[in-house]
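Colleague: I should like to understand the terms used to describe this model. Please set each term against its definition.

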Amino acid sequence: NNYDFGLVGLGVMGRNFILNVADNGFKAFGYDLDTEKVDALKKEGGDLEKVDATTDLNTFVQSLARPRKIMLLVPAGKIVDSVIESLLPHLDTDDLIIDGGNSFFTDTDRRETYLQEKGIHFFGAGVSGGAKGARLGPSIMPGGNREAYKEVQPIFEAVSAKYKGEPCVAYLGPKSAGNYVKMVHNGIEYGLMQLTSEIYDILKKAGNLDNDELHQTFASWNKGRLQSFLVEITSEIFEEEDDKGDGRLVDKILDKAKQKGTGKWTSQNAMDLGIPIPSIDIAVSMREISALKDERVQADELYDRPTPEAIDKSELVKIAEEALYFSFIVTYAQGLHQLGDASKEYGYELDIAVIAKIWRAGCIIRAGLLADITEAFQKDKNVPNLLLSPSFVEKVKSTVGSARLLVAYAAKNGIPLPGLSNSLTYFDAYTSSRLPLNLIQAQRDYFGSHTYERLDQEGVFHTEWEK
Ligand code: 6PG
């Protein structure tokens, strides 16, 4: 009973995470019902004194030092509840269960309340960075009881990614704060991926860039202000040869994007909160449109689309870089705006600067831009939207023109850029002191006596519109 850390679920993520824990000098014990996974971990771990595993729950729990720190890396949903139930009879007061999966935040709140009554601490801790991140350093987003977090803090700080030596993990807030932040991380991830795919589309269709040129373009962008994990892997994707035939793999991949739900949850919850995040909403919708492949093929037969007008290749690349940078900023702005509001609504006490800080390395949305975002929120922690932060005004002003050019060109030439145009429209609306929604208020009052307020007088008004 002297292992520092327990891990349930030895799939790829679990195995990689536990090996990472062991590499950092903590003794770790794994549990899985699947003998093959247990054996694989024991083999890869080498020294059983450092990392061991079992299919026997009792052996697992008895091997851990108290208070036990048990992380679950199992699929979100009912499995989490059943693992908790199976662990419960073996646990003691003040043990910790940490759910490292993409659980829905209200499930985490329910589980925390349930386990609190039994004297067990429950943490929802988002883990980002994929399999490689889990092995070499993920970004970890824990929420739950602040005092109990101290038990696991040294382990998380050791295994997490580091940005200039600083760990990409921090206690984020009570209850489901960690899962909520990870959910919005994934919403932003959907947005950035959609934007990247649109830029690929226009560079290919309008600029006729081939895969080598696409590779070089994204690789060179990745050396500049667009530096990010997603831009980096995008550049590498264009280079990959198809080992089952001729040409590049990217051209053989079916254009139907799957989703496990975290992006959709982000949009649904933003609607509940009343916070607009159209760049993320459209990314979810585009995955849905992509899934309608058969209908798209039919519709393509019915409607013509313009042949894209000639455009100078290097000019297009320059405009695209600026438009992508602009829309990346606007997408982060929306996700962070949602976090700020959710923090008030759910009592998370989130510090946006801390969140941006732990996203600078390890996670899927890591980007050079996050260092600037961290600084912006460190300077003014209460700014509701990144677009209101003085340090971002110039970055946005100098690139929005290219977003306009690109969206206008695409609209005229029949190339769908919904993420980019939603980002631009969001920007134009959010930065308009006067919107035409006075007319909507008039219409509501006209047909439903819903009343309206006035610009020039206090109070609530109603008009008999029909003469
Ligand atoms: C991460 C990823 C990870 C997972 C996504 C994929 O941060 O490491 O976000 O959690 O890859 O959930 O989501 P979809 O399957 O919905 O695209």
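The conversation below takes the sheet, the domains, two loop residues and the ligand shell in turn.

Modeller: Residues are numbered from 1 along each chain as its sequence is written. This is a predicted model, in which local features need pLDDT of at least 70 and side-chain atom pairs count only at pLDDT 80 or more, while totals for chains, interfaces and linings use all residues.

Colleague: What makes β6 and β7 a pair of strands?

Modeller: Strands are DSSP runs of E of at least two residues, helices are runs of H or I of at least four, and both are numbered from the N terminus. Two strands pair if DSSP finds at least two bridges between them. Strand β6 (residues 121-128) and β7 are joined over five bridges in the antiparallel sense, so the requirement of at least two is met. One of the bridges links Gly126 to Met141 in β7.

Colleague: How do you know which strands lie at the edges of the sheet?

Modeller: The open sheet has seven strands in the order β3-β2-β1-β4-β5-β6-β7, with mixed pairing. Strands β3 (51-54) and β7 (139-143) each pair on one side only, and these are the edge strands. From one strand to the next the twist averages 25 degrees. Such angles run from 0 to 180 degrees between N-to-C directions, with axes fitted as lines to C-alpha atoms, for helices over the stretch in contact.

Colleague: Which parallel pairs does the sheet contain?

Modeller: Among them, β1 and strand β2 (residues 28-31) run parallel over four bridges, β1 and β4 over three, and β4 and β5 over four. Leu7 has Gly30 as its bridge partner in β2 and Met71 as its bridge partner in β4. Met71 in turn stands opposite Ile98 in β5, and Ile70 stands opposite Ile97 in β5.

Colleague: What makes both faces of β4 covered?

Modeller: A residue is buried if 20 or more other C-beta atoms, placed from the backbone, lie within 10 Å of its own, exposed if 12 or fewer do, and partly exposed in between. Lys69 and Met71 on one side of β4, and Ile70 and Leu72 on the other, are all buried. In β5, Leu96 and Ile98 point one way and Ile97 and Asp99 the other, and all are buried.

Colleague: Which helices pack on the sheet?

Modeller: Helix α7 (residues 146-159) does so, touching β1 (5-8), β4 (69-72), β5 (96-99), β6 and β7, with its direction at about 60 degrees to that of β5. Helix α8 also packs on the sheet, touching β6 and β7, and its direction makes about 20 degrees with that of β6. Contact here requires C-beta atoms, placed from the backbone, within 7 Å.

Colleague: Why is Ser103 called buried?

Modeller: Ser103 has 26 C-beta neighbours inside 10 Å and therefore counts as buried. This residue is found in the loop between β5 and α5 (105-116). Leaving out residues up to four places away in sequence, Ser103 touches Ala76, Val80, Thr108, Gly124 and Asn179.

Colleague: Why is Leu226 called buried?

Modeller: Leu226 has 22 other C-beta atoms within 10 Å and is therefore buried. Its place is the loop between α9 (211-221) and α10 (229-237). Leu226 and Tyr325 are 99 residues apart along the chain, yet their C-alpha atoms are separated by 6.2 Å. Tyr325 is also one of the residues that Leu226 touches, when residues up to four places away in sequence are not counted.

Colleague: What are the domains of the chain?

Modeller: The bounds come from an automatic or database domain assignment. That assignment gives domain 1 (5-175), domain 2 (182-430) and domain 3 (436-467). The centres of domain 2 and domain 3, taken over C-alpha atoms, are 38 Å apart.

Colleague: What makes a residue part of the shell around the ligand, and how many residues are there?

Modeller: A residue is near a molecule or strand if its C-beta atom, placed from the backbone, lies within 6 Å of it. The ligand is surrounded by 13 residues, the closest being Ser128, Asn186, Gln259, Lys260 and Ile364. Helices α8 (177-205) and α11 (262-273) are the elements that give two or more residues to this shell. At least three shell residues come from each of domain 1 (5-175) and domain 2 (182-430).

Key:
Two residues are in contact if their C-beta atoms, placed from the backbone, lie within 7 Å.
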